[in-house]
Amino acid sequence: MVSLSTWVRYVAHKLQYSASISWKNYTGGQITDRQLGDAVWRNLFQGKLTYMHWNKGEEMAPTIAGKEVTLVRKIPIADPKSVFVGDVVVLKDPEKPDNFLVRRLTAVEGYEMVSTDEKEEPFVLEKDQCWVESDNEKLKAKEANDSRKFGPVQMTDIVGRVIYCLRNAVDHGRVENSDFSMQKDSPVLEVELDVDEMAKSQKD
């Protein structure tokens with residue numbers, strides 16, 4: 001049973017999401033001034049703040065290994081106020097725009113990046129840039145297919161944060177993100193998490 005305080009926090013998150021996605025559509029020219037208010041209310045009452053994503057590959061092992069079902073919280077406009085260092089994020093593959101990668105956010109704009117290779121000069125991530133890496137320490141940089149291979153990515157390429165992982169019907173749980181994100185995502189998980197649905201989709 002979800003408590004009243006959790007519902008209040010959840011609705012606040014939905015309102016924030018609705019306003020963000022509606023504003024994004026407005027500034028993108030997809031809706032007009034007159035449609036903006038209606039869009040906010042429509043997004044508030046329709047749809048969810050999460051979606052299921054089927055992971056592929058071993059890049060995020062042991063956090064997420066192989067073909068596992070994950071629950072992803074939607075991030076309409078990714079910036080340093082909505083995603084944080086330490087978060088496991090879903091982002092557009094810089095090399096294959098139709099593909100999506102799951103990686104951990106390890107640095108954001110303003111961070112100085114220093115390579116273990118002394119031949120490579122340190123550099124600072126520019127505005128709206130971020131750095132993502134795989135969790136699997138057994139993989140070499142090229143095998144991991146992360147920022148060590150393709151460099152910094154734009155924050156706007158991030159579309160969500162992975163908040164739950166289901167390996168099988170009895171082995172599942174929250175994904176370890178930054179402390180701030182774990183707190184923010186708690187009410188969303190309490191309301192929208194459906195383990196049975198995730199398990200069913202894994203079988204399908």
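# Exercises on a predicted two-domain model

In this predicted model, domain 1 and domain 2 bury about 1,200 Å² between them, with 70% of that area on carbon and sulfur atoms. The exercises below start from this contact.

## Exercise 1. The contact between the domains

Determine which residues each domain spans, and how many residues each gives to the contact.

*Solution.* Step 1: the domain assignment places residues 1-47 in domain 1 and residues 49-202 in domain 2. Step 2: the centres of the two domains, taken over C-alpha atoms, lie 24 Å apart. Step 3: eleven residues of domain 1 and 13 residues of domain 2 take part in the contact. Step 4: Tyr 10, His 13 and Tyr 17 together supply 47% of the area that domain 1 buries against domain 2, more than any other three residues. Step 5: between the domains there are five residue pairs in polar contact and zero salt bridges.

## Exercise 2. Helix H2

Identify the buried residues of helix H2 and the element against which they pack.

*Solution.* Step 1: helix H2 covers residues 33-45, and its buried residues are Ala 39, Val 40 and Leu 44. Step 2: these buried residues pack against helix H1 (4-27). Step 3: just after H2, Gly 47 takes a positive phi of about 75°.

## Exercise 3. The largest nonpolar core

State how many residues form the largest nonpolar core, and which strands supply at least two residues each.

*Solution.* Step 1: the core has 14 residues, and those with the most contacts inside it are Val 83, Leu 91, Leu 105, Cys 130, Val 132 and Ile 158. Step 2: strands S3 (88-92), S4 (100-108) and S7 (129-133) each supply at least two core residues. Step 3: the largest share, three residues, comes from S4. Step 4: beyond four places in sequence, the residues that Val 132 touches include Val 89, Leu 91, Leu 105, Phe 150 and Val 153.

## Exercise 4. Arg 73

Is Arg 73 buried or exposed, and which side chain does it join in a polar contact of 2.8 Å?

*Solution.* Step 1: Arg 73 is found in strand S2 (residues 69-74). Step 2: its relative accessibility is 7%; the cut-off for buried is under 20%, so Arg 73 counts as buried. Step 3: the polar contact of 2.8 Å joins its side chain to that of Asp 185. Step 4: beyond four places in sequence, the contacts of Arg 73 include His 13, Leu 49, Lys 184 and Val 188. Step 5: Arg 73 and Val 188 are 115 residues apart along the chain, yet their C-alpha atoms are separated by 8.2 Å.

## Exercise 5. Salt bridges

Which elements hold Glu 95 and Lys 149, and where do Asp 135 and Arg 104 lie?

*Solution.* Step 1: side chains of opposite charge can pair when their charged atoms come close. Step 2: the structure holds eight salt bridges, and one of them links Glu 95 and Lys 149 at 3.6 Å, N to O. Step 3: Glu 95 lies in the loop between S3 and S4 and Lys 149 in helix H4 (residues 147-150), so this pair ties together parts 54 residues apart in sequence. Step 4: Glu 95 is partly exposed, at 44% relative accessible area, and Lys 149 is partly exposed, at 41%. Step 5: Asp 135 forms a salt bridge with Arg 104, the closest N and O atoms being 2.8 Å apart. Step 6: Asp 135 lies in the loop between S7 and helix H3 (141-144) and Arg 104 in strand S4, so this pair ties together parts 31 residues apart in sequence. Step 7: Asp 135 and Arg 104 are both buried.

Methods:
Residues are numbered from 1 along each chain as its sequence is written. This is a predicted model: local features need pLDDT of at least 70, side-chain atom pairs count only at pLDDT 80 or more; totals for chains, interfaces and linings use all residues. Side-chain values use heavy atoms; hydrogens and water are left out. A nonpolar core is a set of buried Ala, Val, Leu, Ile, Met, Phe, Trp, Tyr and Cys residues joined through side-chain atoms within 4.5 Å. Buried means under 20% relative accessible area, exposed over 50%, partly exposed in between (1.4 Å probe, protein chains only). Helices (H or I, at least four residues) and strands (E, at least two) are DSSP runs, numbered from the N terminus. Contact means heavy atoms within 4.5 Å. A polar contact is a pair of N or O atoms within 3.5 Å; within protein, one must be able to donate a hydrogen and the other to accept it, and residues adjacent in sequence count only if both atoms are side-chain atoms. Domain bounds come from an automatic or database domain assignment. Buried area is the accessible area (1.4 Å probe) that two parts lose on being put together, summed over both. A salt bridge is a side-chain nitrogen of Lys or Arg within 4 Å of a carboxyl oxygen of Asp or Glu.
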